[in-house]
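User: I have this one open and would like to talk through how its interior is put together. Could you take me through it piece by piece?

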Amino acid sequence: MKKWQYILGILLLIWVFGFIVSQIVEKTDNRVLQDEILIIPIKGVISTSDTSLPFESSNANVDSILSELKKAKQDNAIKAVVLEINSPGGTVVASRELANAVKSLGKPSVAVIREVGASGAYWIASSADMIIADELSITGSVGVIGSYLQFSKLMQDYGITYERLIAGEYKDLGTPFKDLEQDERNVLQLKLNKIQEIFVNEVKENRNLTDTRRISTGEFFLGIEAKELGLIDKFGNREVAIEEAKRLAKLKSPRIVEFKEKQSLLELLGKVSASNFYYLGRGIGSQLYINTKNPDLEINAF
């Protein structure tokens with residue numbers, strides 16, 4: 001047996017032993033019950049799928065966050081939740097799922113917007129009982145976008161044609177390989193308008209707003225502007241949010257617990273391996289072609 005194989009085997013045995021011990025300790029944990037405030041980070045693009053790679057900007061893992069919110073709702077030790085948001089938004093369904101989960105917590109919740117809490121991320125923040133943000137943070141952007149790149153002119157330059165074979169008049173609606181006809185544009189715009197209406201109404205209800213004309217433009221606002229519009233409640237940071245959570249839950253000295261997604265060694269090694277192959281492939285393939293894949297016009301609440 002080679003030396004490196006022997007060392008790898010020992011490391012694997014140590015990891016397995018440590019994992020088993022941690023599971024035993026977790027199951028027999030007899031800690032003294034203490035009031036807790038749970039901090040849940042929501043960082044990066046909000047989506048139901050996680051396509052991020054190690055060492056690159058990660059997406060917010062919606063399934064993990066939903067699971068943690070469910071645990072927070074059921075755990076009697078957790079008296080309040082702080083959502084630490086730094087996200088430009090994301091897909092409509094993922095954003096709405098998280099917003100609904102926050103609204104159904106049944107416990108005090110405080111959202112703190114650090115640098116960015118816009119669009120779908122603001123939708124989630126608006127579902128909390130209170131929103132804290134820095135005066136210069138980016139908030140709002142209550143709008144919907146379905147824009148995409150269109151390559152038909154480029155294809156013509158290279159003698160590439162799009163052979164349209166469909167069953168259903170609008171089956172290839174939004175394909176980047178042909179011009180968008182006016183009737184197709186109208187269909188897409190109507191769908192965006194419906195989503196926008198739901199988005200605005202949710203924010204209006206969550207924040208008890210009477211006038212939504214300004215925010216309905218999709219404009220983003222600095223924290224200092226957002227407060228004037230009723231989009232946030234108070235200026236501050238994470239510490240201010242924790243103090244407000246204490247106040248809302250009527251706690252004196254709670255334990256602060258922060259949710260961090262756990263990964264097994266095998267998962268981490270798998271992602272690192274995937275990353276290595278990804279960068280190798282990108283180095284070779286980036287000079288060979290331009291990726292023109294269009295994910296069937298994914299609509300985002302960015």
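Analyst: This is a predicted model, and a good place to begin is strand β5, where seven of the ten residues are buried, so that β5 is largely enclosed by the rest of the structure.

User: And in which sense do β4 and β5 pair?

Analyst: β4 and β5 pair in the parallel sense, over six bridges, and within that pairing Leu83 has Ala111 of β5 as its bridge partner.

User: OK, what about the largest nonpolar core, which residues have the most contacts inside it?

Analyst: That core has 44 residues, and those with the most contacts inside it are Ile46, Leu69 and Leu83. Several elements supply at least two residues each, including β1, β4, β5 and α6, while α3 gives the most, with six residues.

User: What is Ile46 in contact with, leaving aside its neighbours within four places in sequence?

Analyst: Among its contacts are Ala60, Val62, Ala94, Leu98, Ala121 and Ile124, together with Gly89, Gly90 and Thr91. Separate from the largest core, a second core of 13 residues includes Ile39, Met130, Ile132 and Ala241.

User: Switching to helices, at what angle do the axes of α2 and α3 cross?

Analyst: The axes of α2 (residues 62-74) and α3 (residues 92-103) cross at roughly 10° and come within 10 Å, which means that α2 is roughly parallel to α3.

User: Which residues make that contact?

Analyst: From α2 come Val62, Ile65, Leu66 and Leu69, and from α3 come Ala94, Glu97, Leu98, Ala101 and Val102. These residues divide into eight nonpolar, no polar and one charged.

Terms used:
Residues are numbered from 1 along each chain as its sequence is written. This is a predicted model: local features need pLDDT of at least 70, side-chain atom pairs count only at pLDDT 80 or more; totals for chains, interfaces and linings use all residues. Side-chain values use heavy atoms; hydrogens and water are left out. Axes are lines fitted to C-alpha atoms, for helices over the stretch in contact, and angles run from 0 to 180 degrees between N-to-C directions. Helices (H or I, at least four residues) and strands (E, at least two) are DSSP runs, numbered from the N terminus. Angles under 35 degrees count as roughly parallel, over 145 as roughly antiparallel, 65 to 115 as roughly perpendicular and the rest as oblique. Contact means heavy atoms within 4.5 Å. Ala, Val, Leu, Ile, Met, Phe, Trp, Tyr, Cys and Pro count as nonpolar, Asp, Glu, Lys and Arg as charged, and the others, Gly among them, as polar. A nonpolar core is a set of buried Ala, Val, Leu, Ile, Met, Phe, Trp, Tyr and Cys residues joined through side-chain atoms within 4.5 Å. Buried means under 20% relative accessible area, exposed over 50%, partly exposed in between (1.4 Å probe, protein chains only). Two strands pair if DSSP finds at least two bridges between them.
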